[in-house]
Amino acid sequence: MSNRRDFLRKASFFSAAGLLAGKVGSVYADTTSAPAPVAAAKKKIGLQIYSLGKELYEDLPKRLKEVKSMGYTDLELAGYDKGKIGGVDMMEFKKMAEDAGLKIISSHVNPPVRHYTKENKSQILEYWKPTAEDHVKLGCKYLIQPMMPECGSYEDAAFICDIFNEGGEIVKATGLPFGYHNHNMEFQRVVKASEQKTPKNPGDQIYDLFLAKTDPSLVFFEMDVYWTVMGQNDPVEYMQKHPDRIKVLHIKDRAVFGQSGMMNFEMIFKQMYANGIQDYFVELEHMPDGRTQFAGVKDCAAYLQKASFVK
């Protein structure tokens, strides 16, 4: 595929062909436009609260109960800062979530710097111990870094992996596993600083370097399936190649699930279950039709509740 436009054109073609033929071999096509109803109570569905933005904090206790009523069971946090979640004391947030019937099991946090250097390495590593200890108090199963540090070369990627490993060791000492969440930029290619990128030397995908150069006992991966597709890669293939590294998923579409025609969630869930992955989180970046984030998140939950391939 020469560029993203060609990639998306082919993805859309596969979707149309799959809907007409009744089957499709590509992960990018959604073949389930009208899934069979399944009882909501039988499903375990997580939500990344970033999806709700400021709407969540308009009336936090009430809003959390609305999230529960949609069919969500678990939460992945965003907005942690020195003992607070979105400006709310983290233990108060935890109590409100539990009162609503929701369980906090994961959290996205970033160190205070994006450009990793030898000079600020200690600052990055010092961030992880108190942060991890707070998330132990919250009862999390996972602590995940969601943004890639600046990475322009093979050497940058190797240095980042060293810090991931050391950070992972610090987090692990508190009893939590340390994970990394991707966007699409991790599928850019880098070469060594002494080399030039050419057709014969395209370099390595940053994501592949992260997988290769981090210690499996210290760093796991939360794969965002939508951003993987946008990076012109197949999330199912990655799950097949790295069943012991990819432990959690972000389930995402361009907006509301199933409407873009470019995500084959049935194949993604099938591989997820085959790999024994227990947890995933819905994420919705923004609603392009002017409706609220809550409306979009509700529609995503309804899609998963009705989907026969979601357990």
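Biologist: Why is Cys140 called buried?

Modeller: Its relative accessible area is 9%, and buried means under 20%, so Cys140 falls on the buried side. Bear in mind that this is a predicted model.

Biologist: And why does Cys161 count as buried?

Modeller: Cys161 sits at 0% relative accessibility, which is under the 20% limit, so buried is the word for Cys161 too.

Biologist: How do you know that Cys161 is in no disulfide?

Modeller: The nearest cysteine sulfur belongs to Cys151 and is 8.1 Å away. A disulfide needs two cysteine sulfur atoms within 2.5 Å, so Cys161 has no partner. For the model, the count comes to zero disulfides.

Biologist: On to charges. What makes Lys44 and Asp279 a salt bridge?

Modeller: Their side chains meet at 2.4 Å, N to O. The cut-off is 4 Å between a Lys or Arg side-chain nitrogen and an Asp or Glu carboxyl oxygen, so the pair qualifies. Lys44 is in the loop between helix H1 (4-21) and strand S1 (46-48), while Asp279 is in strand S13 (residues 279-282). That puts them 235 residues apart, so the pair links distant parts of the chain.

Biologist: Buried or exposed, what are the labels for Lys44 and Asp279?

Modeller: They get separate labels: Lys44, at 39%, lies between 20% and 50% and is therefore partly exposed. Asp279, at 2%, is under 20% and so buried. Both residues also belong to a network of salt bridges with Asp74 and Lys141.

Biologist: What makes Lys95 and Asp99 about one helical turn apart?

Modeller: They are four residues apart in helix H3 (residues 90-99), so about one turn separates them. Their closest N and O atoms are 2.9 Å apart, and that is within 4 Å, so this is a salt bridge.

Biologist: How do you know that Glu133 forms a salt bridge with Lys129?

Modeller: The closest N and O atoms are 2.6 Å apart, which is within 4 Å, so the pair passes. Both residues lie in helix H4 (residues 121-137), four residues apart. Glu133 at 34% and Lys129 at 45% are between 20% and 50%, so each is partly exposed. A search of the whole structure finds 15 salt bridges.

Biologist: Last one: why is Asp156 called partly exposed?

Modeller: Its relative accessible area is 32%, between 20% and 50%, so the label fits. Asp156 lies in helix H5 (residues 154-173) and gathers with Glu150, Glu155 and Glu195 in a patch of negative charge on the surface. Patch members need over 30% relative accessible area, so Asp156 clears that limit with its 32%.

Methods:
Residues numbered from 1 in each chain as written. Predicted model: local features only at pLDDT ≥ 70, side-chain atom pairs only at ≥ 80, totals over all residues. Heavy atoms only, no water. Patch = residues over 30% accessible without salt bridge, like charges linked within 9 Å, V, L, I, M, F, W, Y side chains within 5 Å. Areas by Shrake-Rupley, 256 points an atom, 1.4 Å probe, with all protein chains shown as cover. Lys, Arg positive; Asp, Glu negative; His and termini not counted. Charge placed at Lys NZ, Arg CZ, Asp CG, Glu CD. Helix = DSSP H or I, 4+ residues; strand = E, 2+ residues; numbered from the N terminus. Buried < 20%, exposed > 50% of the residue type's maximum accessible area, 1.4 Å probe, protein only.
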